[in-house]
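Me: Hello! I am new to this structure and would like to get to know it step by step. Could you show it to me first?

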There are 2 protein chains.
Amino acid sequence: MYHSKETVIGPTAEICERIWLSIAEKRLRPGARLKEEQLAEIFDVSRARVRQALAVLESDGLVTIVPNRGAFVAEPGVDEARDVFHVRKQIEARVMERLVDRITDDQVPQLEAHLAQEREADQRGDTSATIRLSGGFHLLLAELAGSSFLFGILRDLISRSSLITAIYRSQHLHNCGPDEHAALIERIRSRDKTGATRIMLDHLQHVEDELDLTEEIPTSRDLRHALV
Amino acid sequence: MYHSKETVIGPTAEICERIWLSIAEKRLRPGARLKEEQLAEIFDVSRARVRQALAVLESDGLVTIVPNRGAFVAEPGVDEARDVFHVRKQIEARVMERLVDRITDDQVPQLEAHLAQEREADQRGDTSATIRLSGGFHLLLAELAGSSFLFGILRDLISRSSLITAIYRSQHLHNCGPDEHAALIERIRSRDKTGATRIMLDHLQHVEDELDLTEEIPTSRDLRHALV
DNA sequence: ATCAACAATATTGTATACATTTTTGTAGTC
DNA sequence: GACTACAAAAATGTATACAATATTGTTGAT
């Protein structure tokens with residue numbers, strides 16, 4: 001999907017992948033209940049494997065497990081939201097530095113091809129594909145940067161970003177505009193390290209600016225504070 | 001242990017914690033077999049929970065699961081090793097920047113107290129405690145930097161560093177010298193951001209320099225190449 | 001009608017048994 | 001004696017049943 005290397009992964013990782021995708025595409029809302037039996041039937045796997053997947057997702061911060069209550073899609077608070085965007089800027093800046101150093105001329109078309117997909121999905125109004133491809137662009141950058149570690153970290157950050165934007169978006173949100181991605185490709189092509197990094201940081205700031213991180217939004221489960 | 005916040009964690013996370021610690025302290029060698037039933041008996045939990053913990057550790061890259069074969073402590077290759085140290089430098093540099101900006105005067109004694117523990121463990125020759133405290137110092141820095149995300153990333157990086165040093169150390173390795181930690185504290189106290197960052201980078205470089213990352217070491221399971 | 005106590009239901013958590021697969025040990029043949 | 005084929009053992013993977021717990025619904029008293 002995003003990176004062709006790890007097409008062969010374990011069965012647990014595949015369940016995680018599908019739930020992760022649903023969260024990243026905002027088909028699963030923050031706070032949504034994740035019943036084990038239901039997931040087992042949907043994915044046609046044993047309940048034990050669903051529990052393994054949920055444990056992994058919990059350690060990734062995407063899911064909250066309450067003992068004897070069940071699993072829910074996580075609802076990050078404002079502090080965590082700011083943290084995620086702060087770290088994401090740092091990580092993606094490092095990705096850009098590495099990428100400009102390492103990318104070869106024959107890899108640039110990969111970025112352009114991805115961008116074309118983004119534009120196409122955007123034009124035909126496929127929001128699900130738009131969100132997936134938009135995050136996929138950033139992951140592709142990390143993949144081409146050649147650090148599987150940065151890739152893994154960014155993977156986490158992007159999925160959490162999706163959760164955060166789902167909760168705190170103040171109005172309409174076009175997750176990542178393809179235009180800024182295009183500008184990014186130009187700087188990468190010309191090996192402009194500082195320029196590429198700056199555009200990336202601006203790009204992420206734009207996304208963050210569309211959020212309303214001023215007030216804490218009460219979580220689904222802890223709705224005491226929502227009503228008093 | 002390292003950070004007082006998450007003292008109350010789930011039962012799966014507790015199993016992960018104990019296995020992680022054993023790996024970080026090098027009581028579990030790379031490639032070591034991890035039998036489910038054995039772990040279940042040791043930790044006095046169900047085998048299902050052990051499987052959950054192993055799934056989490058696999059997603060963290062600390063454990064390799066081979067279908068129908070079992071779980072083994074991971075054996076990172078040289079590429080991954082270089083990647084880990086590269087990213088770790090980036091991450092810990094960011095930690096230092098944040099830390100110098102955010103740390104308060106009354107938090108510096110925490111660092112000194114930790115350093116005192118390191119020195120004491122070092123003097124009495126307690127290698128297990130030395131390794132734990134040495135990594136704990138870096139985690140404490142991340143905690144005081146106030147980003148739970150950076151903390152989590154560094155947690156991963158440190159445990160993988162332990163695996164890597166266990167495999168690729170060329171000779172004697174004093175994981176992290178307390179002296180360099182002391183120098184670090186000085187720079188932090190004087191709010192010398194660039195100085196603190198440089199010392200940290202040098203510090204990590206010293207650790208990496210003690211490794212022999214020139215040749216690939218054959219893994220335990222794939223020992224074909226080790227013998228032909 | 002409201003509230004408390006209690007029963008019913010649903011879901012999670014765990015133990016058990018069993019199928020599948022891999023590894024190891026053994027017997028048999030050349 | 002070495003190699004192959006087969007059998008036994010061990011460990012993983014999974015399905016099932018059951019226990020523990022939380023939620024929901026109901027009944028009954030004031």
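Me: Thanks! In which pattern do helices and strands follow one another along chain A?
Reply: Happy to help, and please keep in mind that this is a predicted model. Chain A has ten helices and three strands. Read along the sequence, their pattern is α-β-α-α-β-β-α-α-α-α-α-α-α.

Me: What percentage of the residues in chain A is buried?
Reply: Let us start from the outside: the accessible surface of chain A is about 11200 Å², and 47% of that belongs to carbon and sulfur atoms. Buried here means under 20% relative accessible area. Among the 228 residues of chain A, the buried share is 50%.

Me: How far apart are the end C-alpha atoms of helix α3 of chain B?
Reply: Helix α3 of chain B covers residues 47–59, which makes 13 residues. At 1.5 Å a residue the helix should span 18 Å, and the model agrees with this, because the distance between its end C-alpha atoms is 19 Å.

Me: Which residues of α3(B) are buried, and which residue with a positive phi follows the helix?
Reply: The buried residues of α3(B) are B:V50, B:Q52, B:A53, B:L54, B:A55, B:V56 and B:L57. After α3(B) comes a residue with a positive phi, near 85°, and that residue is B:G61.

Me: Which residues are closest to DNA strand C?
Reply: DNA strand C is surrounded by 15 residues. By class, this surface has two nonpolar, four polar and nine charged residues. The closest are A:K35, A:R47, A:R51, B:R49 and B:R69.

Me: At what distance does a polar side-chain atom of A:K35 lie from a phosphate oxygen of DNA strand C?
Reply: Of the strand C atoms within 4 Å of the protein, 76% belong to sugar or phosphate. A polar side-chain atom of B:R49 lies 2.8 Å from a phosphate oxygen of this strand, while a polar backbone atom of A:E36 is 3.3 Å from one. For the side chain of A:K35, the distance is 2.7 Å.

Me: Which elements give two or more residues to the surface near DNA strand D?
Reply: Both chains have polar atoms at this strand: a polar side-chain atom of A:R49 is 2.8 Å from a phosphate oxygen, and an N or O atom in the side chain of B:R51 is 2.5 Å from a phosphate oxygen. B:R33 has a polar side-chain atom 3.3 Å from a sugar or linking oxygen of strand D. The elements asked for are α3 of chain A, together with β1 (33–34) and α3 of chain B.

Me: Is B:I153 buried or exposed?
Reply: B:I153 lies in helix α7 of chain B, residues 148–168. Leaving aside neighbours within four places in sequence, B:I153 is in contact with A:V87, A:I153 and B:I91. Its relative accessibility is 6%, and the cut-off is under 20%, so B:I153 counts as buried.

Me: Which backbone oxygen does the side chain of B:T197 reach?
Reply: B:T197 is found in helix α9 of chain B, residues 193–209, and at 12% relative accessibility B:T197 counts as buried. Not counting residues up to four places away in sequence, B:T197 touches B:A93, B:M96 and B:E97. At 2.8 Å, its side chain reaches the backbone oxygen of B:K193.

Conventions:
Residues are numbered from 1 along each chain as its sequence is written. Chains are lettered from A and ligands numbered from 1 in the order in which they are written. This is a predicted model: local features need pLDDT of at least 70, side-chain atom pairs count only at pLDDT 80 or more; totals for chains, interfaces and linings use all residues. Side-chain values use heavy atoms; hydrogens and water are left out. Helices (H or I, at least four residues) and strands (E, at least two) are DSSP runs, numbered from the N terminus. Buried means under 20% relative accessible area, exposed over 50%, partly exposed in between (1.4 Å probe, protein chains only). Accessible areas come from the Shrake-Rupley method with a 1.4 Å probe; for residues, only the protein chains shown count as cover. The expected span of a helix is 1.5 Å times one less than its number of residues. A residue is near a molecule or strand if one of its heavy atoms lies within 4 Å of it. A polar contact is a pair of N or O atoms within 3.5 Å; within protein, one must be able to donate a hydrogen and the other to accept it, and residues adjacent in sequence count only if both atoms are side-chain atoms. Ala, Val, Leu, Ile, Met, Phe, Trp, Tyr, Cys and Pro count as nonpolar, Asp, Glu, Lys and Arg as charged, and the others, Gly among them, as polar. Contact means heavy atoms within 4.5 Å.
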